[in-house]
Amino acid sequence: MNLRTTTFPLMAVNVLEVLFCFLGIFGSILLWPKARLRSICLPLGLMSLLMGFNFAEETGLYVQHHLVTPALSLATGPAFYLFIRPLVYTERPWCRHDALHFLPTLMALPFTEYTQVILALGSLSLLVYGALAFRLLLQYSKATRAMRADADNLSLRWLIGFMLVFAVLAVEDIVRVNSQPYVSFSLRATWYFFHQLAAFTAFLALVILAARQPELFSDLAYFETHVAKPQAPGGTSGEGTDLEPELFAQLDDKIRGEELFRRPRLSLLDLSELTGLTSRDISQAINRGAGMNFAEYINGLRVESVVAELKNSPGQRPNLLQLATEAGFNSKSSFNSRFKTHTGQTPSAFQAQLGKKPQAMA
């Protein structure tokens, strides 16, 4: 590394790169105390490192005999996969052999003069690891809805959204890099600035939304072992047993009769403890008896209770949020979403329609 004797004027994109570095540092400090969220520091650190190298190259702080930034493209995919895995699996923290995921990055360093080849390999790596990361997020989403009535509050939709945005930015960046020989310098500079601005905004949203995540689902391994995994031969559970309709009827009577659905954090494990049935038996009975998963079934009962309260209050306008809370919902957004799914109307529209009915009949 040789220091230059001359420097180049600072451009807007360089200021953005400095802000990116500070975002990585600040975001890591903010999220590190939260054990489940520490893995987010990995992509934050990688992007800060990448921005630091970009800043040094573009401002002429030093001359690189071997380019570093192309090789870092091979680290992006592993970094995102390894930051998502601990979020969805509490039982799979980082270990030493995870460092092997970054071996291609080190191997590529001596060959970065073949920039386009390294970048192409980096794009392929990002595609493979991105697919693995999305698979983990889909498994997480499936498990939460099968085991928790408050699945909406535990969801990682913000993370799925971030990954989709990042995938779009990655494709756009591939187009940008490969079109550089064919566009003017001013267009390249403007394009690069807005790309970095979009990436900065996406990572800023990632830090904010992660910090606001109330809690995370911790039973994915249990779901895969005790609920989703097929029952071994000779077990009490099976595919489509004749007892399931009767079992669901008994479960439905108990849940409705004791109003268990009004428990905001009701889970499949809670119901298993209350009934003495296995989680798998309950899950299969609800899936086949109600034709929906656990979360949809419980939230459907909650909506039914709110609808019944509204219909039993003719001429009145009870507080919808209070009714939702009493029914078991613990967020307004979840209540509104579930209510519209089950009735086809928003809660306020449904309430207003009921208020008009007596006048129409008069």
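This short talk walks through the empty spaces in the structure above, then stops at one residue.

Keep in mind that this is a predicted model. How do we find the gaps? Rolling a probe the size of a water molecule over the atoms shows where empty space is left.

Let's start with the open spaces. The largest pocket holds about 1300 Å³ of space. Its lining is made of 43 residues. Look for N54, D173, R176, V177 and Y192, which lie nearest its centre. Which elements give two or more residues to this lining? Near the start of the list are helix 1 (12-31), helix 2 (41-59) and strand 2 (62-63). Then come helix 3 (69-88), helix 5 (115-147), helix 7 (157-179) and helix 8. And the chemistry? The lining divides into 24 nonpolar, 13 polar and six charged residues.

Next, the second largest pocket. Its volume is about 320 Å³. Here 15 residues form the lining. Nearest the centre are D152, N153, S155, R157 and W158. Helix 6, helix 7, helix 8 and helix 15 each supply at least two lining residues. Which helix gives the most? Helix 15 does, with four residues. By class, this lining has three nonpolar, seven polar and five charged residues. Helix 7 and helix 8 were also on the list for the largest pocket, so to speak, and they return here.

Now the closed space. How many cavities of 30 Å³ or more does the structure hold? One. The largest cavity has a volume of about 50 Å³. It is lined by 13 residues, and A149, D150, N299, R302 and S334 are the closest to its centre. Three elements are worth finding on screen: helix 6 (151-154), helix 13 (294-311) and helix 15 (332-343) each give two or more residues to this lining. The largest share, three residues, comes from helix 6. The lining splits into four nonpolar, five polar and four charged residues.

Last stop: A198. Where does A198 sit? Its place is in helix 8, which runs over residues 185-212. Is A198 buried or exposed? In between: A198 counts as partly exposed, because its relative accessibility is 31%. The band for that class lies between 20% and 50%. Now find V165. A198 and V165 are 33 residues apart in sequence. In space, they are 9.2 Å apart, C-alpha to C-alpha.

That is the tour. Questions, please.

Note on methods. Residues numbered from 1 in each chain as written. Predicted model: local features only at pLDDT ≥ 70, side-chain atom pairs only at ≥ 80, totals over all residues. Heavy atoms only, no water. Buried < 20%, exposed > 50% of the residue type's maximum accessible area, 1.4 Å probe, protein only. 1 Å grid on protein atoms, 1.4 Å probe; cavity = no way out; pocket = protein on both sides within 12 Å on 5 of 7 lines; lining within 4 Å. Points joined across faces, edges and corners; volume = space filled by probe spheres on them. Nonpolar A, V, L, I, M, F, W, Y, C, P; charged D, E, K, R; others polar.
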